[in-house]
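Let's take a walk through one protein model and see what sits inside it. Have a look at the structure first, then read on.

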Amino acid sequence: MTSGPAAHGSANGVVPDEREPARLGVTLHRVRLEAAMSLRSARETIADREVILVEIVDGDGNVGWGECSALPRPGYTAEYLDGCWALLRDLLVPSVAEDPSSALERLAALPGHPMARSALVGALVDLDLRAQGRSLCSVLAEGAPTAARVASNAVIGIHDDLGELEAAVDRAVGAGHRSVKLKIDPDHAVVSLRAVRRGWPDLSLSVDANGSYPDADTAISAIAELERVGGPLGYVEQPLAADDLVGTAIVARRSASPIALDESVTSIGEAVTAVSLGAVGVLDLKPARVGGPLEAMAIGRIMTAEGIGVFCGGMMESGIGRAAALAFAAQPMCTLPTDLGPSARYHRRDVTAPFDLVDGYIEVPVGAGLGVEPDRDVLAESTVERWRFP
Ligand code: MG
């Protein structure tokens, strides 16, 4: 799946099309989703969520959808939503719309900006696969069996009030989640983990520090203390800053719990570096963070070859981004529960039909392309800014 969109031949390159490539029409929708909950990490608190939906229409009227799930400000990674909007509007959309030939290759060759790129890549792939009547999940799998539903790990934000933290865990477990990941920072980690372990002695627990420990020695001591109060942890995610892979490798060698990376890996090159250094025991892999589903598969294959576990993380996406992430989460390489929750956990109303949690699992869409599309009325009501090309 390496060539251009449907108007210019098939995404898997099987059916070359010699016609002059048709131009594409592209609309950027900036949508605002009212929060059902806020999520506080060591870096920021996200409540109402804005994302960019990319809608591509080809000359035959076929439509494809993609999502940019960048956060409002740089922090999680360097990218942020206004910057992605500007890059898409000023450079990427005009380039792809005016010349769709080899668009996926040109986008993949662009240095940096994976979250902006992934929105356009996702829409091009969705456009192509819808026209072919093939689902993203099955095409990514290349014939391998995929999961019809994926186990959902609940991500619980940082709380100053332990009663509120316990109530949040209680709601998550009551909703059917069988594992929980606690967001932590150095000030809240031990007290939070102790409280949750006291209430749920057998619950599968992991933690995510979002890079909030200042150096390897501090992180090693902190993780040892967490293991002492919390028992074995599924993994400790992103203890150090995203670019401190050498430090993270030192932490990984000295910690009993597997060290997971998230924001450290935004490209295939960074994935190879992390593996080479021994800095990654588990990878939180989000197609939205690494340039889209094709790069995610490439990175996942690198991890699988090294025996490193993978799971699909979440970005508090809309249903478009959630569907794309679920297609990846269903792949055999994703060996751990996904962080993707049901839509209602994050948003009061989604732009697509909601994804529900049933017995701790979320169903993977099986329709053509992403298998979901926005409800036009909800989209119109949720859109705060719109831009069209041409
Ligand atoms: Mg994370």
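## Spaces between two domains

Start with the second largest cavity: domain 1 (11–133 + 377–389) and domain 2 (140–374) both give residues to its lining, so this cavity lies between them. Keep in mind that what you're looking at is a predicted model.

How big is this second largest cavity? Its volume comes to about 210 Å³. Its lining has 19 residues, and the ones closest to the centre are Glu67, Ser118, Gly122, Gly321 and Ala324. Where does that lining come from? Strand E5 (63–68), helix H3 (114–132), helix H10 (287–290) and helix H12 (319–329) each supply at least two of its residues.

Now for the largest cavity. Both domain 1 (11–133 + 377–389) and domain 2 (140–374) contribute to its lining too, so the largest cavity lies between them. Nearest its centre you'll find Leu39, Lys183, Lys286, Gly314 and Met315, out of 24 lining residues. The count of cavities of 30 Å³ or more comes to two.

There's an open space to look at as well: the largest pocket. Its lining takes residues from domain 1 (11–133 + 377–389) and domain 2 (140–374), so this pocket also lies between them. Of its 19 lining residues, Met37, Ile156, Ala168, Arg171 and Arg345 are nearest the centre. Strand E7 (154–156), helix H5 (162–175) and helix H13 (343–346) each supply at least two residues of that lining. Which of the elements gives the most to the lining of the largest pocket? That would be H5, with four residues.

Here are the three spaces, with their volumes and the make-up of their linings.

| Space | Volume | Nonpolar | Polar | Charged |
|---|---|---|---|---|
| Largest cavity | about 300 Å³ | nine residues | four residues | 11 residues |
| Second largest cavity | about 210 Å³ | 10 residues | six residues | three residues |
| Largest pocket | about 340 Å³ | 11 residues | five residues | three residues |

## The magnesium site

Next, find the magnesium ion. Which residues coordinate the magnesium ion? They are Asp208 (OD), Glu237 (OE) and Asp262 (OD), at 2.0 to 2.3 Å. Along the sequence, these donors follow the spacing D-x28-E-x24-D. The two aspartates tie together distant parts of the chain: Asp208 is in strand E9 (residues 204–208), while Asp262 is in the loop between strand E11 (259–261) and helix H9 (268–277), 54 residues apart.

Is Asp208 buried or exposed? Asp208 has 0% relative accessibility, so it counts as buried. Asp262 is buried as well, because its relative accessible area is just 1%, and the cut-off for buried is under 20%.

## The sheet

Strand E9, home of Asp208, is also part of an open sheet. Seven strands make up this sheet, in the order E7-E8-E9-E10-E11-E12-E13, and they pair in parallel. At the edges stand E7 and strand E13 (309–311); each has a single partner strand, so one side of each is left without a neighbour in the sheet.

Take a look at one edge in detail. Strand E12 (residues 282–284) pairs with E13 in the parallel sense, over three bridges. Which residue in E13 is the bridge partner of Leu283? It's Val310.

Key:
Residues are numbered from 1 along each chain as its sequence is written. This is a predicted model: local features need pLDDT of at least 70, side-chain atom pairs count only at pLDDT 80 or more; totals for chains, interfaces and linings use all residues. Side-chain values use heavy atoms; hydrogens and water are left out. Donors are N, O and S atoms within 2.8 Å of the metal (3.2 Å for Na, K and Ca); water is not among the atoms, so sites may look incomplete. Buried means under 20% relative accessible area, exposed over 50%, partly exposed in between (1.4 Å probe, protein chains only). On a 1 Å grid over the protein atoms alone, a cavity is a set of points where a 1.4 Å probe fits but cannot get out, and a pocket is an open set with protein on both sides within 12 Å along at least five of seven lines; lining residues have an atom within 4 Å of a point. Grid points are joined across faces, edges and corners, and a volume is the space filled by probe spheres set on the points. Ala, Val, Leu, Ile, Met, Phe, Trp, Tyr, Cys and Pro count as nonpolar, Asp, Glu, Lys and Arg as charged, and the others, Gly among them, as polar. Domain bounds come from an automatic or database domain assignment. Two strands pair if DSSP finds at least two bridges between them.
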